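Trainee: Got a minute? I'd like to go through this model with you.
Mentor: Sure. Put it up and ask away.

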Amino acid sequence: MRRVTENQGKNTPGVDKVTWTDPVSKEMAIHQLRKRGYKALPLRRVSIPKPNGKKRPLGLPTMQDRAMQALYLQALDPIADTTADPNSSGLRKARSCADAMEQCATVLSHSTRPQWILEGDITSCFDTISHEWLLTHIPMDKAILSTWLQAGYMDTSVLYETEDGTPQGGIIRPVLAHMTLDGLEKIRRKKDPQTGRRALKGKKKQVHLLRDADDFVMTGLSKEVLETEVKPLIVDFLHERGLERSEEKTRRTHIEDGCDFLGQHVRK
């Protein structure tokens, strides 16, 4: 309850125009947090000005929907952190960009460092995740998750359906995206055991995955390893989840030239 009533958005209502600002409304709201009869309302769509003059659409859930998401998040967060890829950050509790940059420096600084780097980004990651994949793989009540995913949004009194993506503006959105993007490291190790920790020295393909939210870097011993093994693995992994790589932001570079990761240029 405190998470939705004591933050910057506490006075910003959803489509029902309801806010919980006094002790009485907060006490009444507690009794509304139950599964029976619950159905998420559409998001209220507003436009936020950007520095370049354009506007960014933002979805605002109702207070009840925010509180329900916060309630289920308490159970989902520990699961997400336990099953996470080892070198993922950005959407995890107690992890930050600094952790991703530290791991990147560790991988690329030792004497047997990989020579080639694949840097990339996912196109509209949060908005295109497959609902079918989420409902199949996210370990939570399917009826509750479904009502969040299919709530739609209201824009100038017009209701629009949502067929893909996680609930915009929702508290639970980051952890859903995080769990969707997890698993690539496990698949990579299973597919090619030689890249694992017990690989014989000199036989490693030096494939490493570093991810911060939807920005990722993968390394390889050679350009051929990236092109014939790593890239197809990423494409298949994302396709299963309804996602695609951003061709514009995907680059293959040599360690001598370095790479751009989280606004920093990393090189030998």
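Trainee: At what angle do helix α9 and helix α10 pack?
Mentor: About 135°. Keep in mind that this is a predicted model. Helix α9 covers residues 184-191, and helix α10 covers residues 223-240. Their axes are 11 Å apart.

Trainee: So is α9 parallel, perpendicular or oblique to α10?
Mentor: Oblique, because the angle is neither over 145 degrees nor within the 65 to 115 range.

Trainee: And is the crossing of α9 and α10 left-handed or right-handed?
Mentor: Right-handed.

Trainee: Which residues meet there?
Mentor: From α9, Leu184, Ile187, Arg188 and Lys191. From α10, Leu233, Ile234 and Phe237.

Trainee: How many of the residues in that contact are nonpolar, and how many charged?
Mentor: By class, 5 are nonpolar and 2 are charged. The contact of α9 with α10 has no polar residues.

Trainee: Switching to the sheet. What's the strand order?
Mentor: β2-β1-β5-β6. The sheet is open, has 4 strands, and its pairing is mixed.

Trainee: Which are the edge strands?
Mentor: β2, residues 55-60, and β6, residues 158-160. Each pairs on one side only.

Trainee: How many degrees does the twist average?
Mentor: From one strand to the next, 40°.

Trainee: Back to β1. Do β1 and β2 run parallel or antiparallel?
Mentor: Antiparallel, with 6 bridges joining them. Strand β1 spans residues 43-49.

Trainee: What stands opposite Arg44 in β2?
Mentor: Leu60.

Trainee: And what holds strands together in general?
Mentor: Strands of a sheet pair through backbone hydrogen bonds.

Terms used
Residues are numbered from 1 along each chain as its sequence is written. This is a predicted model: local features need pLDDT of at least 70, side-chain atom pairs count only at pLDDT 80 or more; totals for chains, interfaces and linings use all residues. Side-chain values use heavy atoms; hydrogens and water are left out. Two strands pair if DSSP finds at least two bridges between them. Helices (H or I, at least four residues) and strands (E, at least two) are DSSP runs, numbered from the N terminus. Axes are lines fitted to C-alpha atoms, for helices over the stretch in contact, and angles run from 0 to 180 degrees between N-to-C directions. Angles under 35 degrees count as roughly parallel, over 145 as roughly antiparallel, 65 to 115 as roughly perpendicular and the rest as oblique. A crossing is left-handed if the near helix is turned anticlockwise from the far one by less than a right angle, and right-handed if clockwise. Contact means heavy atoms within 4.5 Å. Ala, Val, Leu, Ile, Met, Phe, Trp, Tyr, Cys and Pro count as nonpolar, Asp, Glu, Lys and Arg as charged, and the others, Gly among them, as polar.
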